[in-house]
Amino acid sequence: MNFKLIFNDKNEIKSLDNENTSIKDILEEMELSSETIVAKKNGDIVIEDEKIEDGDEIQIIQIIYGG
């Protein structure tokens with residue numbers, strides 16, 4: 001099972017061993033907090049509990065904030 005991951009300047013095909021993998025699992029693997037990103041699945045904004053399916057395109061957008 002493969003999906004496309006887009007993050008910053010990365011655009012790569014990743015494979016999944018577990019069909020119950022969620023965006024949250026990918027964020028943990030990348031050591032990113034769900035509080036600092038927005039996730040899109042096939043162009044739609046989704047929550048981090050969204051499951052990744054074969055052929056999905058997952059885009060991780062880093063949120064920049066400060067004061």
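Me: As I understand it, helices and strands are DSSP runs, with at least four residues for a helix and at least two for a strand, numbered from the N terminus. How many helices and strands does the secondary structure of the protein come to?

Reply: Good place to begin. This is a predicted model, and its secondary structure amounts to one helix and five strands. Going along the sequence, you meet them in the pattern β-β-α-β-β-β.

Me: In what order do the five strands form the sheet?

Reply: Order in a sheet has to be read from the pairing of strands. Here the five strands line up as β2-β1-β5-β3-β4 in an open sheet, and the pairing is mixed. The edges are taken by β2 (residues 10-15) and β4, each of which has a single partner strand, so one side of each lacks a neighbour in the sheet. Neighbouring strands are turned against each other by 30 degrees on average, with direction ignored.

Me: In which sense does β1 pair with β2, and in which with β5?

Reply: Look at β1 from both sides. With β2, the pairing is antiparallel and runs over six bridges; one example is I6, whose bridge partner in β2 is N11. With β5, the pairing is parallel, over four bridges. On that side F7 has I60 as its bridge partner in β5, and K4 has E57.

Me: What is special about N8 in the hairpin of β1 and β2?

Reply: Check the backbone angle there. This hairpin has two residues between its strands, and N8 adopts a positive phi near 50 degrees.

Me: Now the side chains. How should I picture them along a strand?

Reply: As a general idea, side chains in a regular strand alternate between the two faces of the sheet. After that, you can ask which side chains meet, and salt bridges are a handy place to look.

Me: How many salt bridges does a search of the whole structure find?

Reply: Five. The cut-off to keep in mind is a side-chain nitrogen of Lys or Arg within 4 Å of a carboxyl oxygen of Asp or Glu. One of the five joins K4 and E57, with N to O at 4.0 Å. K4 belongs to strand β1 (residues 2-7) and E57 to strand β5 (residues 57-62), so this pair ties together parts that are 53 residues apart in sequence. These two residues are also bridge partners in the sheet.

Me: Are K4 and E57 buried or exposed?

Reply: Neither word fits. K4 is partly exposed at 29% relative accessible area, and E57 is partly exposed too, at 31%.

Me: Which residues are linked in a network of salt bridges?

Reply: That would be E12, K14 and E29. Within the network, the closest N and O atoms of K14 and E12 are 3.8 Å apart. Both are partly exposed: K14 has a relative accessible area of 26%, and E12 has 32%.

Me: And which residue forms a salt bridge with K41?

Reply: E50, with the closest N and O atoms 3.2 Å apart. The two ends of this pair fall into separate classes. K41 is buried, at 9% relative accessible area, while E50 is partly exposed, at 29%.

Me: Where does D56 lie, and which residues is D56 in contact with beyond its sequence neighbours?

Reply: To read a loop residue, combine its position, its accessibility and its contacts. D56 sits in the loop between β4 (44-46) and β5, yet D56 counts as buried, with 5% relative accessibility. Setting aside neighbours within four places in sequence, D56 contacts N2, F3, K4, K41, N42 and K51. You have already met K4 and K41 in salt bridges, K4 with E57 and K41 with E50. In addition, a polar atom of the D56 side chain is 2.7 Å from the backbone nitrogen of E53.

Me: Last one: what radius of gyration does the protein have?

Reply: The idea is to compare the value with that of a compact globule. With 67 residues, such a globule would be near 11 Å; the protein has 12 Å, which agrees. The C-alpha trace spans about 40 × 20 × 20 Å along its principal axes. Of the 67 residues, 30% count as buried. Among contacts with a separation of 6 or more, 52% come from residues 24 or more positions apart.

Conventions
Residues are numbered from 1 along each chain as its sequence is written. This is a predicted model: local features need pLDDT of at least 70, side-chain atom pairs count only at pLDDT 80 or more; totals for chains, interfaces and linings use all residues. Side-chain values use heavy atoms; hydrogens and water are left out. Buried means under 20% relative accessible area, exposed over 50%, partly exposed in between (1.4 Å probe, protein chains only). A polar contact is a pair of N or O atoms within 3.5 Å; within protein, one must be able to donate a hydrogen and the other to accept it, and residues adjacent in sequence count only if both atoms are side-chain atoms. Contact means heavy atoms within 4.5 Å. Two strands pair if DSSP finds at least two bridges between them. Axes are lines fitted to C-alpha atoms, for helices over the stretch in contact, and angles run from 0 to 180 degrees between N-to-C directions. The radius of gyration is taken over C-alpha atoms; the globule rule is 2.2 Å times the number of residues to the power 0.38.
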